[in-house]
Amino acid sequence: AYLDRIGAVDGAVHAFLHVAGDAAVAQAEEVDRRIAAGEKLGPLAGVPVAVKDILTTKGMPTTAASKILSGWLPPYDATVVLRLRDAGLVVLGKTNMDEFAMGSSTEYSAYGPTRNPWDLGRIPGGSGGGSAAAVAAREAPLAIGTDTGGSIRQPGAVTGTVGAKPTYGGVSRYGLIAFSSSLDQAGPVTRTVLDAALLHEVIGGHDPCDSTSIDAPVPAVAEAARRGASGDLTGVKVGVVREFAAAEGAEPGVVAAFDAAVATLTKLGAEVVEVSCPHFEYALPAYYLIAPSECSSNLARFDGVRYGLRSGDDGTRALEEVMSLTREAGFGPEVKRRIMLGTYALSAGYYDAYYGQAQKVRTLVTRDFTAAFEQVDVLAAPTTPFVAFPFGSRTADPTAMYLADLYTIPSNLYGGPAISVPCGLSEGLPVGLQIMAPTMADDRMYRVAAALE
Ligand code: GLN
């Protein structure tokens, strides 16, 4: 049924870069055989799932929406994908995204943008716009995204879906093509908070293949989501960050929907207080030094020798020239911008002034969060300052695009979990509410988010 649905609507939406087709059917039949043989599979066995094209899938195209990986077939599954398969979930295909997860609209995909099912003239968010649009358009009941600065939550907000970024280290990054290793985190994209929690339990947990993976049990997030669904938040203390609320540029309709959600939290019994994160205004600039710096190092592996595309190798050219021609042809403009920015920020003469400073800001933001969580259980904020915008309206000015992640980036710098849940409409388009929690307290955010559904 989902393959039929994809066939019917994906021509218009373009959520998928690759549809697994027969391979998905074969996998579903295999799940049936496992169940018939008496194997005890989890609650999501047999449920189809769409996977962002930045996670490796064995023998299935994986491009990170870049020309430089066209034609590459990974020899292994990412740990997230392996866990999906082990639990009996069926991989429907690979979803579109901004190239190497750099962007907020999917307009930087080398294979054309994804369109927002709510309005095909508008962006579905990014970088994980394909995963969010697939769920919003009912092309997949569940999807996997990745979030470095907001790429699960912001697409969730603008497509009216649920997007959760687990605690950094809570889900393995093995097989997640690295953009910014200290920030990247995979997580669920779903229709409901409980679905997100169930999917989180499938993909989460320690993995020896990822040195930053946390060696502790996955928080009991599904139980927390079920508890939250009762709608009782008595005893829960929610903080609204003063500086988030005062930030310029948030659309009035987004602020109104957020205020209404905060009123609902109070009605459900939560105590809402104001807290302060004084270094909030420096989080976005710090991110745009740290993320490009790590990207400039991580993307050095795309050299035209090891993976995918190779350009200009006609037998007469030196290796360096082939490398340079391959990168010239294979990387899009935003990726090139980030590599240059990061290389500059890391260079000997400027390291202390840029990268070093940004790391200090990261520490200050982390201290702000730690102090805030001494006063409250969770923090609430709008997910993104604006609803889905029309194509082309933010591509001319990179900093206008970067603002989409104003509210999501702080929790990536801090490392704590954060979830976006739909909280109403503004001008007929979805608005998202973000709930942030302390590291490894993912259960708290699921409880509060579920109460709002
Ligand atoms: N939009 C942000 C960026 O371009 C975040 C991307 C992400 O989370 N992968 O870097």
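In this predicted model, T383 counts as buried because 31 C-beta neighbours lie inside 10 Å. The residue is found in the loop between β9 and α14 (398-402). Leaving aside its neighbours within four places in sequence, T383 is in contact with R153, Q154 and A157, with Y407 and T408, and with S420, G432, L433 and Q434. By contrast with these contacts, the C-alpha atom of T383 is separated by 24 Å from that of E139, a residue 244 positions away along the chain.

The strand that precedes this loop, β9, belongs to an open sheet of 11 strands with mixed pairing, arranged in the order β1-β3-β2-β4-β6-β5-β10-β11-β9-β7-β8. Its edges are formed by β1 (16-19) and β8 (271-275), each of which pairs on one side only. On average, and with direction ignored, neighbouring strands of the sheet are turned by 30 degrees against each other.

Towards the β8 edge, the pairing can be followed through β7. Strands β7 and β8 pair in the parallel sense over 5 bridges, and the pairing of β7 with β9 is likewise parallel, over 3 bridges. V240 takes part in both pairings: the residue stands opposite E274 in β8, and its bridge partner in β9 is A380. Elsewhere in the sheet, β5 (residues 162-165) and β6 (residues 186-190) run antiparallel and are joined by 2 bridges. In this pair, V162 stands opposite T190 of β6.

Two helices were examined for their packing against the sheet. Helix α6 (residues 193-203) lies across β4 (142-146), β5, β6 and β10 (418-426), and runs at about 150 degrees to β6. Helix α9 (residues 252-267) also packs on the sheet, where it touches β7 (237-241), β8, β9 (378-382), β10 and β11 (429-436); the direction of α9 makes about 115 degrees with that of β10. Helix α6 is largely enclosed by the rest of the structure, because 11 of its 11 residues are buried. The buried residues of α6 include the charged positions D195 and E201, as well as V193, L194, L198 and I203. After α6 comes G205, which has a positive phi near 110 degrees.

The largest nonpolar core comprises 138 residues, and those with the most contacts inside it are V49 and I435. Helix α10 (residues 280-298) gives the most to this core, contributing 10 residues. Such an arrangement may be set beside a general tendency: in soluble globular proteins, nonpolar side chains tend to be buried together. Apart from its neighbours within four places in sequence, I435 is in contact with V378, A380, A418, I419, M445, V448 and A449. Among these contacts of I435 is A380, the residue of β9 that is the bridge partner of V240.

Around the ligand, there are 13 residues, of which A101, S104, T148, G149 and S151 come nearest. By class, the shell consists of 7 polar, 4 nonpolar and 2 charged residues. A101 is placed in the loop between β3 and α4. Its phi is positive, near 70 degrees, in a residue other than glycine. With 30 other C-beta atoms within 10 Å, A101 is therefore buried.

The loop between β3 (90-95) and α4 (129-136) also holds S127. A cis peptide bond, with omega of about 5 degrees, joins G126 and S127. A positive phi outside glycine is found again at R138, where the value is about 60 degrees. R138 has its place in the loop between α4 and β4 and is partly exposed, since 15 other C-beta atoms lie within 10 Å.

Two helical residues further illustrate burial and exposure. L82, in helix α3 (residues 79-86), counts as buried because the residue has 20 C-beta neighbours inside 10 Å, and 20 is the number at which burial begins. The C-alpha atoms of L82 and G175 are separated by 10.0 Å, although the two residues are 93 residues apart along the chain. R33, in helix α2 (residues 22-36), counts as exposed because its C-beta neighbours inside 10 Å number 9. Between the C-alpha atoms of R33 and I203, which are 170 residues apart along the chain, the separation is 22 Å.

How values were computed
Residues numbered from 1 in each chain as written. Predicted model: local features only at pLDDT ≥ 70, side-chain atom pairs only at ≥ 80, totals over all residues. Pairing = 2+ DSSP bridges. Helix = DSSP H or I, 4+ residues; strand = E, 2+ residues; numbered from the N terminus. Axes fitted to C-alpha atoms, helices over the stretch in contact; angles between N-to-C directions. Contact = placed C-beta atoms within 7 Å. Near = placed C-beta within 6 Å. Core = buried A, V, L, I, M, F, W, Y, C linked by C-beta atoms within 7 Å. Buried ≥ 20, exposed ≤ 12 C-beta atoms within 10 Å, placed from the backbone.
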